[in-house]
Amino acid sequence: QQQQQQQQWEMPRATGGSCASRVSSPDSWIGWGSCSSNTGIGGVTRRAGANAGKEAAFLQLNGFLFRSHAKSLVAALAMEGWLEPWEGDRLKDSLSEETPSIVRDFLATYTRFMETQDVQEFVSRLRKRI
């Protein structure tokens, strides 16, 4: 029972998944819904440390959902003509990278948009990131 309480979530190494073992962090996309495996959602397996496991699983889910939402926003802007198709593609590709600075930049731009509701400013700020 003590062993069960000391479990944590970790990405699989040799379980047929396509990801190396790694720990998620709030500053990075690494490990956030970016791999596939036959072990379940996001290729997550149980290991030592239950609280750490819940946190890592939540961070992975949060990153996946945020990235999906960001890409959906960019796709909608391109579909509605706010962005050129190539601009939308480039932005979505950059959001797929596992680079913390891209995440922080998009989040700052999106936070500003949520405060102002100014679509033109949002698009202008996104274009600066291309």
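The legends below describe close-up views of a predicted model.

**Figure 1. Overall layout of the predicted protein and its confidence.** The protein contains 5 helices and 2 strands. Read from the N terminus, the order of the elements is α-β-β-α-α-α-α. Of its 130 residues, 31% count as buried. Among contacts between residues at least 6 apart in sequence, 63% join residues at least 24 apart. The average pLDDT is 74, and 62% of the residues reach at least 70. Confidence depends on the element: the lowest mean pLDDT, 39, belongs to strand β1 (residues 6–10), and the highest, 96, to helix α5 (residues 119–128). Throughout residues 1–44 the pLDDT is below 50, although this stretch has 112 contacts in the model beyond near neighbours in sequence.

**Figure 2. The largest nonpolar core.** This core has 14 residues. V74, L77, L83, L95, F106, F122 and L126 are the members with the most contacts inside it. At least two core residues come from each of four helices: α2 (50–79), α3 (85–96), α4 (100–116) and α5. For F122, setting aside neighbours within four places in sequence, the contacts are L77, F106, T109, Y110 and F113.

**Figure 3. Packing of α4 against α5.** The two helices α4 and α5 pack at an angle of about 170°, and their axes are 9 Å apart. Because an angle over 145 degrees counts as roughly antiparallel, α4 is roughly antiparallel to α5. On the α4 side, the contact is made by F106, T109, Y110, R112, F113 and T116. On the α5 side, the residues are V119, E121, F122, R125 and L126. By type, the residues of the contact of α4 with α5 are 6 nonpolar, 2 polar and 3 charged. F122 of this contact is also listed among the core residues with the most contacts.

**Figure 4. The loop residue Q117.** Q117 is located in the loop between α4 and α5. Its phi is positive, about 60°, although Q117 is not a glycine. With a relative accessible area of 51%, Q117 is exposed; the cut-off for that class is over 50%.

**Figure 5. Packing of α2 against α3.** The axes of α2 and α3 come within 9 Å and cross at roughly 175°. The pair is therefore roughly antiparallel. From α2, the residues R67, A70, K71, V74, A75 and A78 take part. They meet G88, L91, K92, L95 and S96 of α3. The residues of the contact of α2 with α3 divide into 6 nonpolar, 2 polar and 3 charged. V74 and L95 appear in this contact and also in the list of core residues with the most contacts.

**Figure 6. L91 and its surroundings.** L91 is a residue of helix α3. The relative accessible area of L91 is 4%, so this residue is buried. Not counting residues up to four places away in sequence, L91 touches V74, L83, L126, R129 and I130. Among these partners, V74, L83 and L126 are also named among the core residues with the most contacts. L91 and R127 are 36 residues apart along the chain, and their C-alpha atoms are separated by 8.5 Å.

**Figure 7. K92 and its surroundings.** K92 also belongs to helix α3. Its relative accessible area of 26% makes K92 partly exposed. Leaving out residues up to four places away in sequence, K92 touches K71, V74 and A75. These three partners are also listed on the α2 side of the contact with α3. K92 and R67 are 25 residues apart in sequence, with a C-alpha to C-alpha distance of 9.1 Å.

**Figure 8. The buried glycine G63.** G63 is part of helix α2. The relative accessibility of G63 is 0%, so G63 counts as buried. G63 and V103 are 40 residues apart in sequence, while their C-alpha atoms are 9.5 Å apart in space. Both helix ranges are given with the core: G63 falls within α2 (50–79), and V103 within α4 (100–116).

Methods
Residues numbered from 1 in each chain as written. Predicted model: local features only at pLDDT ≥ 70, side-chain atom pairs only at ≥ 80, totals over all residues. Heavy atoms only, no water. pLDDT = per-residue confidence, 0-100. Contact = heavy atoms within 4.5 Å. Core = buried A, V, L, I, M, F, W, Y, C linked by side-chain atoms within 4.5 Å. Buried < 20%, exposed > 50% of the residue type's maximum accessible area, 1.4 Å probe, protein only. Axes fitted to C-alpha atoms, helices over the stretch in contact; angles between N-to-C directions. Parallel < 35°, antiparallel > 145°, perpendicular 65-115°, else oblique. Nonpolar A, V, L, I, M, F, W, Y, C, P; charged D, E, K, R; others polar.
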